[in-house]
Amino acid sequence: MSTRRIRPGLYISVDIEADGPIPGPYSMLSLGAAVAGTQDAEGFTAADPEKLTFYRELRPISEEFVPEALAVSGLDRDRLRTEGAEPAAALTEFGDWVREVAVGAQPVMCGYPASYDWMFLYWYLIRFTGASPFGHSGCLDMKTLYATKARLPLRAVAKGTMPRDLLSRRRHTHHALDDAIEQAELFANLMAWPGNSQ
């Protein structure tokens, strides 16, 4: 066994709201993040998800949007055109925040499902800052984590199929910070859950 010291992981729950299905033609309008906990050789330690958080609303980067996608978040594109943060500034601030809260640990983005949020987050980080504090693969999908522990096919998984005691008691509001905090609690519960036995 290798004697090389493994750095602990710091899990950061991230949720984004966007006005379309992919970044580039469409815009990330808000970004919320909450520290969910740390994992080292001793195991996982949950954090208070309201303690270390980040939230920004961003200026749209194009004129294209899908009305149904925009309606999910309830964000106002016209307001964000004037009041939203410039993406380069917001993503630089986010990268700095991640590096600050993850001192001594390797940051890992976690999401439910991570694929959509990670796609926008990583694209925006590279496009507007040239770097990602998570690297290119520091991403964990909570849906996959649950499917693996529950011994279920991934496509059979939805929050409604999970044991109720795994879910956060918080409401899913489609406000990026609210949802990041809610999902941080789900992540901590999933990490503590032993899963279904064979």
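# A walk through the fold from a buried aspartate

Asp 19 is a buried residue, because its relative accessible area is 0%, and buried here means under 20%. This residue makes a useful starting point for a walk through the structure, which is a predicted model. From Asp 19 we can move to its partner, then to the chain as a whole, and later to some details of the backbone.

The partner of Asp 19 is Arg 77, and the two side chains meet in a salt bridge in which nitrogen and oxygen are 2.3 Å apart. Arg 77 belongs to helix α2, which covers residues 77-83, while Asp 19 sits in the loop between β1 and β2, so this pair ties together parts of the chain that are 58 residues apart in sequence. Arg 77 also counts as buried, because its relative accessible area is 4%, a value that falls under the 20% limit.

It helps now to step back and look at the order of the elements. The protein chain contains six helices and six strands. Read from the N terminus, these elements follow one another as β-β-β-β-α-α-α-β-α-β-α-α, and a reader who traces the chain in the 3D view can use this order as a guide.

How does the radius of gyration of the protein chain agree with that of a compact globule? For 198 residues, a compact globule would have a radius of gyration near 16 Å, and the protein chain has 17 Å, which agrees. The C-alpha trace spans about 50 × 40 × 25 Å along its principal axes. Of the 198 residues, 45% are buried. Looking at contacts in the chain with a separation of 6 or more, one finds that 70% of them involve residues 24 or more positions apart. The chain exposes about 10400 Å² in total, and carbon and sulfur atoms supply 52% of that area. As for charge, the chain carries 20 positive and 25 negative charges, and the mean positions of these two groups are 6 Å apart.

Helix α5, which covers residues 142-150, offers a closer view of burial. Its buried residues include Met 142, Leu 145, Tyr 146, Ala 147 and Ala 150. Which elements help to cover them? Among those that cover the buried residues of α5 are the strands β1 (9-18), β5 (106-111) and β6 (139-141), together with helix α6 (176-192).

Salt bridges give another way to follow how parts of the chain meet, and the count for this model comes to eleven. Besides the pair already described, Arg 170 forms a salt bridge with Glu 50, with the closest N and O atoms 3.0 Å apart. Because Arg 170 lies in the loop between α5 and α6, and Glu 50 in the loop between β3 (43-46) and β4 (53-57), this pair ties together parts that are 120 residues apart in sequence. Arg 170 is partly exposed at 31% relative accessibility, and Glu 50 is partly exposed as well, with a relative accessible area of 47%. The pair belongs to a network of salt bridges that links Glu 50, Arg 170 and Glu 185.

A further salt bridge joins Glu 57 and Arg 79, whose closest N and O atoms are 2.7 Å apart. Here Glu 57 is in strand β4 and Arg 79 in helix α2, 22 residues apart, and the pair links distant parts of the chain. Arg 79 counts as partly exposed, with 28% relative accessibility.

The last stop is the backbone itself, where a few details deserve a careful look. Tyr 112 and Pro 113 are joined by a cis peptide bond, with omega at about -20 degrees, and Pro 113 lies in the loop between β5 and α4 (114-129).

Which residue follows helix α5, and what is the sign of its phi? The residue is Arg 151, and its phi is positive, near 60 degrees, although Arg 151 is not a glycine. Arg 151 lies in the loop between α5 and α6, and it counts as exposed at 51% relative accessibility, because exposed means over 50%. His 174 also has a positive phi, near 65 degrees, and is likewise a residue other than glycine. His 174 lies in the loop between α5 and α6 and is partly exposed, with a relative accessible area of 31%.

Technical notes:
Residues numbered from 1 in each chain as written. Predicted model: local features only at pLDDT ≥ 70, side-chain atom pairs only at ≥ 80, totals over all residues. Heavy atoms only, no water. Helix = DSSP H or I, 4+ residues; strand = E, 2+ residues; numbered from the N terminus. Rg over C-alpha atoms; globule rule 2.2 N^0.38 Å. Buried < 20%, exposed > 50% of the residue type's maximum accessible area, 1.4 Å probe, protein only. Contact = heavy atoms within 4.5 Å. Areas by Shrake-Rupley, 256 points an atom, 1.4 Å probe, with all protein chains shown as cover. Lys, Arg positive; Asp, Glu negative; His and termini not counted. Charge placed at Lys NZ, Arg CZ, Asp CG, Glu CD. Salt bridge = Lys/Arg side-chain N within 4 Å of Asp/Glu carboxyl O.
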